[in-house]
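Please open the structure in your viewer and keep the selection panel at hand. The stops below indicate what to select and what is found there.

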Amino acid sequence: MISFLYFTDTHIRGTTPKNRLDSFPDTIKDKIDQVMALANEHQVDFLLHGGDVFDRPDLSPSTVGQFAQLFRKAKAPIYAIAGNHDTFGHNPLTVTRTMLGLLDAFGIMTLIHPDQPVVVEKEGVRLQLSGQPYHYDLDQRDPKLDYYPINETNATYLIHLVHSMLVERALPEGVSHTLIDHIWGTTADVIFTGHFHSGFGIKEKDGTFICNPGALARINNHWTEIERMPTVILGEVDKAGIRLKEIQLKAQKGEAVLDRSYVEKASHQEEKLHAFVQQVKEKANFETLQMGDIIREIAAMSNVEEKVREEALRRMTLIEERWERDETE
C-alpha cells in the first residue's frame, strides 16, 4: 500500500492580516506542525502541497527559514506545485527566483513541473504524480491541457495536482473558472486542486476523485471562511483501489480568529469595485481587470502574433516583479 497526505494554500507570511485577531504566523506554524505530525503518525510515503505555499514570492529569508524547519520534520518527501502567490506576476517560469524555488533547490520540497511527472512505486503499485502550476491561461483554455494528464510512465494510477479555480457552481462573469462536472472525463484517477479557499471536499464519480479540502490558511473574513475548519486529505492506494478521507485539524473556530468588523467594510468595497468594473465595461468590452487577460483581449482583437503577446506578458511579469521588490525595500 502507498499512503500520502494532501494539503494546500498555506499562504505563509511573517505578518498578520488586518482581519485576523490572533498572530497569523504562529497559527499557521501550528497548522503545519499538525500536518507534519499527522504525516509521520500515519507513516505516509509522501506529502502533496497544492500551491500557494507562500503568500508572496519574495518573503523574507528569516520567515522562510522558520517554516523550512517545520517542513523538515516530515519523514517523507513533500511534492508541491506553484500557486499564483508563489511566483512573480503569476508566471510559473519565475519560480526559480522565488522562495518556493529556494525550498526546491535545497530539497525541502520538490516541485512537480508540467511534463515532468514523479513516479512512486511500492508493492507492485506504480503511481504517477503530475502537476500544473498556476499560469495565465488556466481555466481559460481547453481544460484537457490542464486537467487531463498523460500516462507517461505506465503507471497503475495517475494523481494530478492543479492550482486552479475548479468549482461546483458557476462564478460571476469575468472570473475564470472550471466546473467540476465538465472534467469528469479526466484521464487522472485523482485530481487535487487548491486556489479556491473554501474547497469542496472529496467528490467521486465512477472511481474518479476530484478533491479540494480547502485552504489551510483562513486569511479573509468571508462567512464561508468563518464557518470552515482547516482540513487535509489522507489517501491510500493499493491494487484494490483508492481510498481518501478528510481529517480536520485542531483549530479555533472562525469567529475567534477572524474579525467580523471588517465584513461590512469588505462588502462596501466589493460594491464599489463592482460599480467601477461596470463603468469600465461601458467604455470598453473588457470582461476582466487582470492585466494579463486585458493583454490577451487586445491581442485577439488586433490579430497580434502569439510571440508579441508572450513578450507583452513577459514584460508585465518583470514590472510586477520589480513592484514586489520595491514594496519590501
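Begin with Phe-4 and Phe-192, both of which are buried. The model in view is a predicted one. Show the two side chains as sticks: the ring centres of Phe-4 and Phe-192 lie 6.0 Å apart and the planes stand at 75 degrees, so this pair is edge-to-face. Colouring the strands places the two residues: Phe-4 belongs to strand β1 (residues 2-7) and Phe-192 to strand β10 (residues 190-193), so the contact ties together parts that are 188 residues apart in sequence.

Next, select Phe-46 and Tyr-79. Their ring centres are 6.1 Å apart with planes at 65 degrees, so this pair is also edge-to-face. Phe-46 is in strand β2 (residues 46-49) and Tyr-79 is in strand β3 (residues 78-80), so the pair joins parts 33 residues apart in sequence. Are these two residues buried or exposed? Phe-46 has a relative accessibility of 1% and counts as buried; Tyr-79, with a relative accessible area of 12%, is buried as well. The cut-off for this class is under 20% relative accessible area.

Now add Tyr-6 to the selection. Phe-4, Tyr-6, Phe-46, Tyr-79 and Phe-192 form one aromatic cluster. Across the whole structure, the search finds 4 aromatic pairs.

Switch to the cartoon view for the sheet. Which strands form it, and in what order? The open sheet has 6 strands, arranged β5-β6-β7-β10-β12-β11, with mixed pairing. At its edges stand β5 (118-122) and β11 (201-205); each has a single partner strand, so one side of each is left without a neighbour in the sheet. On average, neighbouring strands of this sheet are turned by 15 degrees against each other, direction ignored. Zoom in on β5 and β6 (residues 125-132): the two run antiparallel and are joined by 5 bridges. One position to label is Glu-121, whose bridge partner in β6 is Arg-126.

Remain at β5 and select Lys-122 together with Asp-45. These residues form a salt bridge in which the closest N and O atoms are 3.1 Å apart. Asp-45 sits in the loop between α1 and β2 and Lys-122 in strand β5, so that distant parts of the chain, 77 residues apart, are linked. Both ends count as partly exposed, Asp-45 at 22% relative accessibility and Lys-122 at 31%.

Move to Lys-73 and Asp-33, another salt bridge, with the closest N and O atoms 3.0 Å apart. Lys-73 lies in the loop between α2 (61-71) and β3, while Asp-33 lies in helix α1 (residues 24-41), 40 residues apart. Lys-73 is partly exposed, with a relative accessible area of 42%, and Asp-33 is partly exposed at 30%.

From helix α1 (residues 24-41), turn to Lys-29 and Phe-67. The charged end of Lys-29 sits over the ring of Phe-67, 5.8 Å from the ring centre.

For the last stop, select Glu-236, Asp-238 and Arg-243, which are linked in a network of salt bridges. Within this network, the closest N and O atoms of Asp-238 and Arg-243 are 2.8 Å apart. Asp-238 counts as buried at 19% relative accessibility, whereas Arg-243, at 33%, counts as partly exposed. In total, the structure holds 10 salt bridges.

Technical notes
Residues numbered from 1 in each chain as written. Predicted model: local features only at pLDDT ≥ 70, side-chain atom pairs only at ≥ 80, totals over all residues. Heavy atoms only, no water. Pairing = 2+ DSSP bridges. Helix = DSSP H or I, 4+ residues; strand = E, 2+ residues; numbered from the N terminus. Axes fitted to C-alpha atoms, helices over the stretch in contact; angles between N-to-C directions. Phe/Tyr/Trp six-rings, centres within 6.5 Å; stacked < 30°, edge-to-face > 60°. Buried < 20%, exposed > 50% of the residue type's maximum accessible area, 1.4 Å probe, protein only. Lys NZ or Arg CZ within 6 Å of the ring centre and 35° of its normal. Salt bridge = Lys/Arg side-chain N within 4 Å of Asp/Glu carboxyl O.
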